[in-house]
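Good morning, colleagues. Please turn to the sequence and the structure on the screen.

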Amino acid sequence: MIGVYFSGTGNTKYCVEYVVHRLGGGSAYAIESDGAIAAVQSSDEIVFAYPVYYSNVPKIVRDFIVSNAGLWRGKKIFVIATMGLFSGDGAGCSARLFKKCGAEILGGLHLKMPDCIGDVKLLKKPLDENRKIIAEAEHKMDAAINSIKGGAYPKDGLHFFCRIAGLFGQRLYFGGKTKRYYTKIRTDENKCVKCGLCVSLCPMANIKIEDRVIYQNKCTMCYRCFAHCPKQAITILGTRVYEQCRFDSYKGQ
């Protein structure tokens, strides 16, 4: 067993490594890493994890699954979906894609984690609350791991009524946001020092720095650049930085 994941600010990476390690599996690979495809090719059982956007699979994740459709045939896949708010069928969205590619879905697990969107005030939570959210996610992972070791995989997000909840919860209204890449990311040029950190962190190679910061209209809304900008110069969905929400800010202190 290996892990394959997409993670913006560290939440999903932590969760997939937590589960794979405690199930006695191997390493976990980011989908944008050089070793991800080779790892899938050599493994029969995969824990596949990603954050949910608007009750849907992020476009970068959907593109990875579909563009490598032949990889999944005959694979056994356990899906983990992390979320800041709610998702009826967050795991089910990718599970349906994997099934079309010939994979067997072992189960699904939904985990609430600290929200990475730090430029929308409504979504900001106190530090203690985010730490509590992580502790509750660990408790749920422990329960799932014990169940899996006993031969029963959790089925979060895989049932018909979960799909209805995901559709009417968010996807029906905001589904278009995950079908295309985001184009409205902004940089405050008065704050930006052109350090290049955002360029190196972007999984889409979306950012270039010339005489100014240039975005190439393929932002996947992972919030990595936002969360790590040393001058808090970047905003994505909102217009003001309230908190740079990185997993290590909650678990590392």
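I begin with a single pair of residues: Ile-2 has Ile-46 in S3 as its bridge partner. Please bear in mind throughout that this is a predicted model.

That pair belongs to the contact between strand S1, residues 2-5, and strand S3, residues 45-51. The two strands run parallel and are joined by four bridges. On S1's other pairing, three bridges join S1 to S2, and these strands also run parallel. Here Gly-3 has Ala-28 in S2 as its bridge partner.

What is the order of the strands in the sheet? The sheet is open, has five strands with parallel pairing, and reads S2-S1-S3-S4-S5. Its edges are strand S2, at 28-30, and strand S5, at 104-112, each of which pairs on one side only. From one strand to the next, the twist averages 20°.

Let me now turn to the helices. Helix H1, residues 11-22, packs on the sheet and touches S1, S2, S3, strand S4 (76-83) and S5. The direction of H1 makes about 170° with that of S1. Together, S1, H1 and S2 form a β-α-β unit, and the unit is right-handed. Helix H4, residues 90-100, lies across S3, S4 and S5 and runs at about 160° to S5.

What of the two faces of S1: are its residues buried or exposed? In a regular strand, side chains alternate between the two faces of the sheet. In S1, Ile-2 and Val-4 lie on one side, with Gly-3 and Tyr-5 on the other. These four residues are all buried, and both faces of S1 are thus covered.

I close with a residue in a loop. Thr-220 is found between strand S8, at 213-215, and helix H8, at 224-228. Why does Thr-220 count as buried? Its relative accessibility is 6%, and the cut-off for a buried residue is under 20%. Which residues does Thr-220 touch, leaving aside those up to four places away in sequence? They are Phe-6, Tyr-53, Ile-60, Tyr-181, Pro-203 and Met-204.

Thank you for your attention.

Key
Residues are numbered from 1 along each chain as its sequence is written. This is a predicted model: local features need pLDDT of at least 70, side-chain atom pairs count only at pLDDT 80 or more; totals for chains, interfaces and linings use all residues. Side-chain values use heavy atoms; hydrogens and water are left out. Two strands pair if DSSP finds at least two bridges between them. Axes are lines fitted to C-alpha atoms, for helices over the stretch in contact, and angles run from 0 to 180 degrees between N-to-C directions. Contact means heavy atoms within 4.5 Å. Buried means under 20% relative accessible area, exposed over 50%, partly exposed in between (1.4 Å probe, protein chains only). A crossover is right-handed if, with the strands pointing away from the viewer, the path from the first strand over the helix to the second runs clockwise.
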